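Welcome! Let's take a friendly first walk through this structure, with the sequence and the 3D view side by side.

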Amino acid sequence: MKFIDEYRDSALARNIASAIRTEVHPDRDYRLMEFCGGHTHAIFRYGVQDLMPENLRFVHGPGCPVCVLPMARIDQAIAIASQHRVTLCTYGDLMRVPASERQSLLKAKAEGADIRMVYSTQDALAIARAAPDHQVVFFAIGFETTTPPTAVALKTARAEGLSNFSVFCNHVLTPPALRAILNDSGQDAARIDGILGPSHVSTIIGSAAYAFVAREHGLPLVIAGFEPLDVMQSALMLVRQINQGRRDLENQYSRAVSPAGNTKAQALMRETLAPRETFEWRGLGWLPDSALRVADTYADWDAEQRFPVEVTPSREIKGCECPKVLRGLLEPTDCKLFGTVCSPENPMGACMVSSEGACAAYWSYGRSR
Ligand code: SF4
């Protein structure tokens, strides 16, 4: 298949791996953070790490929107569904993520809350259209990639006068999260020599959104596609930058990403959504300007205003190391719960539930203890 098979070609992979092995200096380490869970899964699914020299390690970053969503937001969603008796619609990945008190959206559904899995915002709009006397809330989550469909849903709801539809907005922004990781100079901060930058996110916000990494932090960043050869070529580009002492923003995924990104989608997002002053990220804490809420001009479609709830502060599950895994400080197998009490069938943390989570990648592709 065009644009798929050619980026999984094993002969080409061996050539790139050989170039990397030739070009790395044997007397130094190369620690490359892949920001996105999509990269993490490509690395493990295709055995990319095994093709790398010993002194080149991939460090896993926080690029999984389900994994970084704090428990309190799932608690809030459950409270909206059960206290206000609305229909809550969301993507399948979120259904089993642990909430407080061993709850989850799936368990709340089993206990009677009307919580439904949908494949798109259009499904949620259709549910609202079919039951005009019943309130339908879309639990919106994701990085910049999945934000435009939420913006379209808000615009559609207003255009159609759908007064029984609203959005519980949890969209987060990747540049502030990356900035927070790079600003973290604490004792246990992960050492990073270069970054594989988000690809699908960059199709929306453009590669220029990451220029600050080289400018302010003196680190090379390569926007990297999600296929195995994309990841390997990006690693080679980073190795070359590091060896040459360059600290540039480069774009390996030029078949889809431009410097400015999708300006139409950006305009739509600006019209319907607004930045939050601060938002909590699991593992990274409260980060300024790192998330979006429904814009004031769309307040009638904002579930947080329409269905206020109070939830008690949540606590992470004891022993779950998701916060450290998300900051690249620990590998999933360093967690004592990995493969013992925590597995995809019985997930203790979001990193094991989400299809993009690092713990799920280790589990699925054989990195067990
Ligand atoms: Fe959390 Fe499970 Fe990953 Fe441990 S293995 S960090 S408990 S999700």
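What follows is a short tour of one strand and its neighbours, and then of two pockets.

## A strand on the inside

Please keep in mind that this is a predicted model. A good place to begin is strand 5, which covers residues 136-142. Seven of its seven residues are buried, so the strand is largely enclosed by the rest of the structure. On one side you will find Val136, Phe138, Ala140 and Gly142, on the other Val137, Phe139 and Ile141, and all of these are buried.

## Its neighbours

Strand 5 runs parallel to strand 3 (residues 87-90), and three bridges join them. Here Phe138 of strand 5 has Cys89 opposite.

Strand 6 (residues 165-171) is also parallel to strand 5 and is joined to it by seven bridges. Val137, for instance, has Ser166 of strand 6 as its bridge partner. Together with helix 8 (residues 147-160), strands 5 and 6 form a right-handed β-α-β unit.

## The largest pocket

The largest pocket holds about 570 Å³ of space. It is lined by 30 residues, and Gly38, Pro65, His200, Phe226 and Glu356 are the closest to its centre. Strand 5 appears again here, supplying at least two lining residues, as do helix 2, helix 4 and helix 10. Helix 2 gives the most, with five residues.

The lining comprises 13 nonpolar, 12 polar and five charged residues. Domain 1 (1-315) and domain 2 (322-364) each contribute at least three residues to this lining.

## The second largest pocket

About 400 Å³ of space lies in the second largest pocket. Among its 20 lining residues, Asp75, Ala99, Ser100, Glu101 and Thr312 lie nearest the centre. Its lining has seven nonpolar, six polar and seven charged residues.

Note on methods:
Residues are numbered from 1 along each chain as its sequence is written. This is a predicted model: local features need pLDDT of at least 70, side-chain atom pairs count only at pLDDT 80 or more; totals for chains, interfaces and linings use all residues. Side-chain values use heavy atoms; hydrogens and water are left out. Buried means under 20% relative accessible area, exposed over 50%, partly exposed in between (1.4 Å probe, protein chains only). Helices (H or I, at least four residues) and strands (E, at least two) are DSSP runs, numbered from the N terminus. Two strands pair if DSSP finds at least two bridges between them. A crossover is right-handed if, with the strands pointing away from the viewer, the path from the first strand over the helix to the second runs clockwise. On a 1 Å grid over the protein atoms alone, a cavity is a set of points where a 1.4 Å probe fits but cannot get out, and a pocket is an open set with protein on both sides within 12 Å along at least five of seven lines; lining residues have an atom within 4 Å of a point. Grid points are joined across faces, edges and corners, and a volume is the space filled by probe spheres set on the points. Ala, Val, Leu, Ile, Met, Phe, Trp, Tyr, Cys and Pro count as nonpolar, Asp, Glu, Lys and Arg as charged, and the others, Gly among them, as polar. Domain bounds come from an automatic or database domain assignment.
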